[in-house]
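Colleague: Please take one small part of this model and look at it closely, then work outwards from there to the elements around it. I would like each term explained when it comes up.

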Amino acid sequence: KKTESILILDGGTNQALASVRSLGHYYNVFVCATTRFCISKSSKYSVGFLKIEKESVREYKKVLHYAIRHDIKIVLPMTERSCLLLNKLRNEFTKENIIVATLEQEKLDLAFDKYKTYQFCMNNSINAPFTTLPYENLEISKVGIPCVIKPRRSNRFINDSFIPGETPRY
């Protein structure tokens with residue numbers, strides 16, 4: 001008999017569906033998503049569902065209250081955005097003895113900030129493509145061609161939520 005409960009965030013992703021299917025053998029699995037029609041919610045292993053309006057600190061407080069109400073012990077994020085939001089409320093979750101399954105902010109910054117990742121690689125003798133910031137004085141000849149230009153971060157978080165329209169692009 002399953003006694004522990006876990007909450008999978010980002011229920012509309014394939015990663016969430018895979019997690020629900022895997023963990024559903026051992027845990028009571030609840031799902032959270034920003035859309036009512038999410039793939040993980042329909043799994044036979046999903047025992048409950050929370051729909052939030054958007055990815056914001058305010059909405060993630062609803063996630064916290066839902067987790068408390070359903071005696072959920074672990075909250076598992078599937079995306080960069082949910083990791084960042086959970087960290088904003090990490091202390092509130094841990095006060096309720098709920099495990100937030102993500103790294104601390106300092107380590108997330110290292111993973112999610114492309115320039116910090118590059119600096120880490122250079123400081124630890126790990127090969128990485130040359131990376132620079134646009135406001136650094138730089139001779140164009142140092143960059144070379146072909147050249148890939150992309151944002152430093154995939155998601156821009158301001159105050160309570162992410163900048164509208166700023167979603168990862170691949």
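Modeller: Once its neighbours within four places in sequence are set aside, serine 56 is in contact with Leu85, Asp160 and Ser161, where contact means heavy atoms within 4.5 Å. This is a predicted model, in which local features need pLDDT of at least 70 and side-chain atom pairs count only at pLDDT 80 or more, while totals for chains, interfaces and linings use all residues. Residues are numbered from 1 along each chain as its sequence is written, and side-chain values use heavy atoms, with hydrogens and water left out.

Serine 56 counts as buried because its relative accessibility is 1%; buried means under 20% relative accessible area, exposed over 50%, and partly exposed in between, with a 1.4 Å probe and protein chains only. Serine 56 belongs to the loop between S3 and H2. Such labels follow DSSP runs, numbered from the N terminus: helices are H or I runs of at least four residues, and strands are E runs of at least two.

The strand on one side of this loop, S3, is part of an open sheet of five strands, ordered S3-S2-S1-S4-S5 with parallel pairing. Strand S3 (46–51) and strand S5 (99–100) stand at the edges with a single partner strand each, so one side of each has no neighbour in the sheet. Two strands pair if DSSP finds at least two bridges between them, and two bridges join strand S4 (residues 74–76) to S5, the two running parallel. In this pairing, isoleucine 74 stands opposite isoleucine 99 in S5.

On the other side of the loop, helix H2 (residues 57–69) packs on the sheet, where H2 touches S1, S2 and S3, and its direction makes about 150° with that of S3. These directions come from axes, which are lines fitted to C-alpha atoms, for helices over the stretch in contact, and the angles run from 0 to 180 degrees between N-to-C directions. Helix H1 (residues 14–23) also lies across strands, namely S1, strand S2 (28–33), S3 and S4, and runs at about 170° to S1.

Charged side chains come next. Side chains of opposite charge can pair when their charged atoms come close. A salt bridge is a side-chain nitrogen of Lys or Arg within 4 Å of a carboxyl oxygen of Asp or Glu, and by this rule the count comes to five. One of them joins glutamate 53 and lysine 51, at 3.5 Å from N to O. Glutamate 53 counts as exposed because its relative accessibility is 56%, whereas lysine 51, with a relative accessible area of 24%, is partly exposed.

Another salt bridge joins the side chains of aspartate 71 and lysine 73, at 2.9 Å from N to O. Aspartate 71 is partly exposed because its relative accessible area is 45%, and lysine 73 is partly exposed at 28%. Lysine 107 and glutamate 104 form a further salt bridge, their closest N and O atoms being 3.9 Å apart; lysine 107 is partly exposed, with a relative accessible area of 46%, and glutamate 104 is partly exposed at 43%.
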